[in-house]
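Welcome, and let's take a walk through this protein together. We will begin with one idea about charged side chains, then step back to the whole and work inward.

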Amino acid sequence: MAGGGGFVGEGGGRSYEGGVTIFVLFTCMAAAMGGLLFGYDLGISGGVTSMESFLSKFFPSVFHKMKNESADQNQYCKFDSELLTLFTSCLYIAALVASFFASSVTRKFGRKISMFVAGLVFLMGSVLNGVANNIVLLIIGRLLLGIGVGFANQSVPVYLAEMAPTKIRGALNMGFQMAITIGILVAGLVNFGTSKIKGGYGWRVSLALAAVPSLILTVAAIFLPDTPNSILERGHPEKAKKMLKKIRGTDDVDEEFQDLLDATEVAKRVENQWSNITQPRYRPQLVICLLVPFFQQLTGINVIMFYAPVLFMTLGFGNEASLMSTVITGSVNVVATLVSIFTVDRFGRRVLFLQGGVQMLICQIAVGVMIGMKFGVSGEGAFSKGEANWILFLICAYVAAFAWSWGPLGWLVPSEICPLEIRSAGQAINVSVNMLFTFIIAQVFLNMLCHMKFGLFFFFAGFVVIMTIFITFFLPETKNVPIEEMNRVWKAHWFWGKYIPDEAVTHGRQDRAVYSANRKKKKPLGFIRYSSTRF
């Protein structure tokens, strides 16, 4: 357990033939646009709920409380409304339910079909939100958006992990998180612009423009190819091999294709992936797919992303200043995600997780102390301009730490650790846990802020401590390891190794020995595929 336990060096994985092709870069960039759906919604909802015209139409009680400028007003509680939080959070419970259906669709019909469904349903929801004239239509539109998010978050990370070459899998997979951050930034800019529209319909423009990212994903899904893994899983080996050659840019893909065949044959023996993932041999993957998204939400990041304008207004920023502050934090989010893209395959996942955790912890404690000293438990007070700028700086530093650690890695790691036979189930668990706790945080945050006051930031800081300890001891390094060879990483881990049977590791070695022997005899790959007793 020395050295933090569980670190596996970068030499743990083999290198396949082929390189990085323009084709695979283009397809991964196009697929990653699915993150725009999630990001735009994360950014748009908080800004819209701070617009007076929106609040006066749908949430008049909150509007009147916000307009109360009395000096003794409790700043912590002025936005506390269960109906307002339901508007924000109902999307995520819909995404949770949709992710389970998306798992079956992704496995039976392919990753691109799930992406197409995501874009189409999200488009319908954005139209409904744009024309809504009552709270019922507004909530129905949000539920449709949630279904779209559930399908996109289920299929896109898996698509990216399967298409990307091993040596840059982290960077390409993080294109999804990059798209999320771009969506958040664009939403902030849109809110800042639409808040200035005279006539009180700016919120409609903000909500309706969600149709743009949904159209991008829908059109992209029509033209994108499916992954070799998915094609093979659906019983088309020749087509899968042809696609593998195309995305790797070489005809010498026999070794990688053999590993895909092995994984597919194991997957075909699985009658029910949901009962299968509960077996002891998949305990590492199950725990990671449960705890990583759980911890990701307990960093408190979505408190900032959902309610940034509301939070900044609570802390004394004016309406326009709060929206501009959201644009600033969104810009930091994008730049910091770029840092992660360029470092994840060089320094590894663990380094980013651990550094990000420490930085988030420091920032959250500092923000909690500053708010506590100024507002106390009464919630009465206001920040000076200089103090407000310090708060903004600390929140930006916190967002940056999340954006190069738990943000992208929360999607990357679960999508790359599961073998094919449980990959759809693992990603469904990842998405559903993420959406469940996104829903819970969104639903209770304003109430928690009202009752826990500045202690809320210490609450999230405590979870950051726990998750950083968990990463230190229980997450091995997975950079440069082919996704079909992850069992070697788990077998070498000080804790998880006892759950991985020897045959899960030696099986692949025996197949490669057969592969090498037949290559020397100049026998085609098809000989291995159809003459082996396992097939």
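A salt bridge is counted where a side-chain nitrogen of Lys or Arg lies within 4 Å of a carboxyl oxygen of Asp or Glu. Keep that in mind as you look at R349 and E416: their closest N and O atoms are 2.9 Å apart, and the two residues form a salt bridge. R349 sits in helix α19 (residues 349-375) and E416 in helix α21 (residues 406-417), so this pair ties together parts that are 67 residues apart in sequence. Since buried means under 20% relative accessible area, R349 counts as buried at 0%, and E416 counts as buried at 0% too. Please remember that the model is a predicted one.

Now for the wider view. The protein has 26 helices and zero strands. Of its 535 residues, 61% are buried. The accessible surface comes to about 19,500 Å², and 67% of that area belongs to carbon and sulfur atoms. Contacts often reach far along the chain: among those between residues at least 6 apart in sequence, 82% join residues at least 24 apart.

Helix α9 (residues 175-194) is a good one to pause at. With 20 residues at 1.5 Å a residue, α9 should span 28 Å, and its end C-alpha atoms are indeed 28 Å apart, which agrees. Of those 20 residues, 16 are buried, so α9 is largely enclosed by the rest of the structure.

What lies inside? In soluble globular proteins, nonpolar side chains tend to be buried together. Here, the largest nonpolar core has 140 residues, and those with the most contacts inside it are F54, W406 and M435. Helix α22 (residues 420-452) gives the most to this core, with 12 residues. To get a feel for the packing, find F54: leaving aside residues up to four places away in sequence, F54 touches V48, T49, F59, F87, L138, W203 and L207.

Charged residues are found in the interior as well. A search of the whole structure finds 14 salt bridges. One of them joins the side chains of R111 and E162, at 2.7 Å from N to O. R111 belongs to helix α6 (residues 111-131) and E162 to helix α7 (residues 135-163), so the pair ties together parts that are 51 residues apart in sequence. Both R111 and E162 are buried, with E162 having a relative accessible area of 3%.

E162 has another partner to show you. The side chains of R423 and E162 also meet in a salt bridge, at 2.8 Å from N to O. This pair links distant parts of the chain, with R423 in helix α22 and E162 in helix α7, 261 residues apart. R423 counts as buried, at 2% relative accessibility. Stepping back, R107, R111, E162, E233 and R423 are linked in a network of salt bridges.

Let's finish on the outside. Which residues make a nonpolar surface patch of about 250 Å²? They are I93, L143, L436 and I440. I440 lies in helix α22, the helix that gives the most to the core. At 31% relative accessibility, I440 counts as partly exposed. Helix α22 therefore holds both a buried residue, R423, and a partly exposed one, I440.

Terms used
Residues are numbered from 1 along each chain as its sequence is written. This is a predicted model: local features need pLDDT of at least 70, side-chain atom pairs count only at pLDDT 80 or more; totals for chains, interfaces and linings use all residues. Side-chain values use heavy atoms; hydrogens and water are left out. A nonpolar core is a set of buried Ala, Val, Leu, Ile, Met, Phe, Trp, Tyr and Cys residues joined through side-chain atoms within 4.5 Å. Buried means under 20% relative accessible area, exposed over 50%, partly exposed in between (1.4 Å probe, protein chains only). Helices (H or I, at least four residues) and strands (E, at least two) are DSSP runs, numbered from the N terminus. Contact means heavy atoms within 4.5 Å. The expected span of a helix is 1.5 Å times one less than its number of residues. Patches are made of residues with over 30% relative accessible area and no salt bridge: like charges are joined within 9 Å, nonpolar side chains (Val, Leu, Ile, Met, Phe, Trp, Tyr) within 5 Å. Accessible areas come from the Shrake-Rupley method with a 1.4 Å probe; for residues, only the protein chains shown count as cover.
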